[in-house]
Amino acid sequence: MTINELQNEVVEEFSVFDDWMDKYQLLIDLGNELEPLDERYKTSQNLIDGCQSRVWVQADYADGLIHLQADSDALIVKGIIALLIRVLSGHSPQEILDTELFFIDRIGLSDHLSPTRSNGLLAMVKQIRAYALVFQGKG
């Protein structure tokens, strides 16, 4: 699936709920379904600057595609990074760099996050794009 198809899938999944408490619960559930990140990747190098919570993102590059893994010590943040992984992992650096992440606004996430969580979300996206830039140079 393309990144935009995956984003549309996320939008559809969240559109089932009108109440933001249900959407937060979905985020928490998505975070709980995230594969645990191997402890060897929980390093300061993989820690996202700008997040109030601790968030680690590990990016690997194989066969022209970026594969992302992550973890967080906060439930909602873990759900947010799970969404980013779902949408962006398994795609080429160029696809990631060319994509506008519209699902964040369409599901209403940007309107329902505290300023510190919003900054953290931007920091996560920025870090994933930075990995894409680095891997693009290796491609």
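pLDDT is the predictor's confidence in each residue, on a scale from 0 to 100. This tour concerns a predicted model, and colouring the protein chain by that score is a reasonable start. The mean pLDDT of the chain is 94, with 99% of its residues at 70 or more. Among the elements, helix α1 has the highest mean pLDDT, 98, and helix α6 (residues 115–138) has the lowest, 92.

**Stop 1: helix α3**

Select residues 75–88, which make up helix α3. The helix has 14 residues and reaches 20 Å from its first C-alpha to its last, close to the 20 Å expected at 1.5 Å a residue. How many of the residues of α3 are buried? The count is 12 of 14, so the helix is mostly covered, buried meaning under 20% relative accessible area. Among the buried residues are I76, V77, G79, I80 and I81; A82, L83, L84, I85, V87 and L88 are also buried. K78 belongs to the buried set as well, and Stop 3 returns to this lysine. After α3, pick G90: its phi is positive, near 85°.

**Stop 2: from α3 to α1**

Show the side chains of R86 and E13. They meet in a salt bridge, with N to O at 2.6 Å. Because R86 sits in α3 and E13 in helix α1 (residues 3–15), the pair ties together parts that are 73 residues apart in sequence. Are the two partners buried or partly exposed? R86 is partly exposed, with a relative accessible area of 26%, and E13 is also partly exposed at 26%. By the salt-bridge rule the model has 7 such contacts.

**Stop 3: the network around D71**

Select E39, K42, D71 and K78, which are linked in a network of salt bridges. Begin with K42 and D71, whose side chains form a salt bridge at 3.0 Å, N to O. This pair links distant parts of the chain: K42 is in the loop between α2 (20–33) and β1 (55–62), while D71 is in strand β2 (residues 65–72), 29 residues apart. D71 is buried, with a relative accessibility of 7%, whereas K42 is partly exposed at 27%.

Next, measure from D71 to K78. These two form a salt bridge as well, with their closest N and O atoms 3.4 Å apart. K78 counts as buried because its relative accessibility is 16% and the cut-off is 20%.

Keep K42 selected and add W56. What does K42 lie over? K42 lies over the face of W56, at 5.1 Å from the ring centre.

**Stop 4: the aromatic rings**

Hide the charged side chains and show the aromatic ones. A pair of aromatic rings is described by the distance of the centres and the angle of the planes. The count for this model is 3 aromatic pairs. Select Y61 and F135: their ring centres are 5.0 Å apart and their planes are at 5°, so the pair is stacked. Y61 lies in strand β1 and F135 in helix α6, and the pair therefore ties together parts that are 74 residues apart in sequence. F135 is buried, with a relative accessible area of 9%, while Y61 is partly exposed at 27%.

Finally, add Y131 to the selection. Y61, Y131 and F135 form one aromatic cluster. When viewing this cluster, recall that α6, the element holding F135, has the lowest mean pLDDT among the elements, 92.

Terms used. Residues numbered from 1 in each chain as written. Predicted model: local features only at pLDDT ≥ 70, side-chain atom pairs only at ≥ 80, totals over all residues. Heavy atoms only, no water. Salt bridge = Lys/Arg side-chain N within 4 Å of Asp/Glu carboxyl O. Helix = DSSP H or I, 4+ residues; strand = E, 2+ residues; numbered from the N terminus. Buried < 20%, exposed > 50% of the residue type's maximum accessible area, 1.4 Å probe, protein only. Expected span 1.5 Å × (residues − 1). Phe/Tyr/Trp six-rings, centres within 6.5 Å; stacked < 30°, edge-to-face > 60°. Lys NZ or Arg CZ within 6 Å of the ring centre and 35° of its normal.
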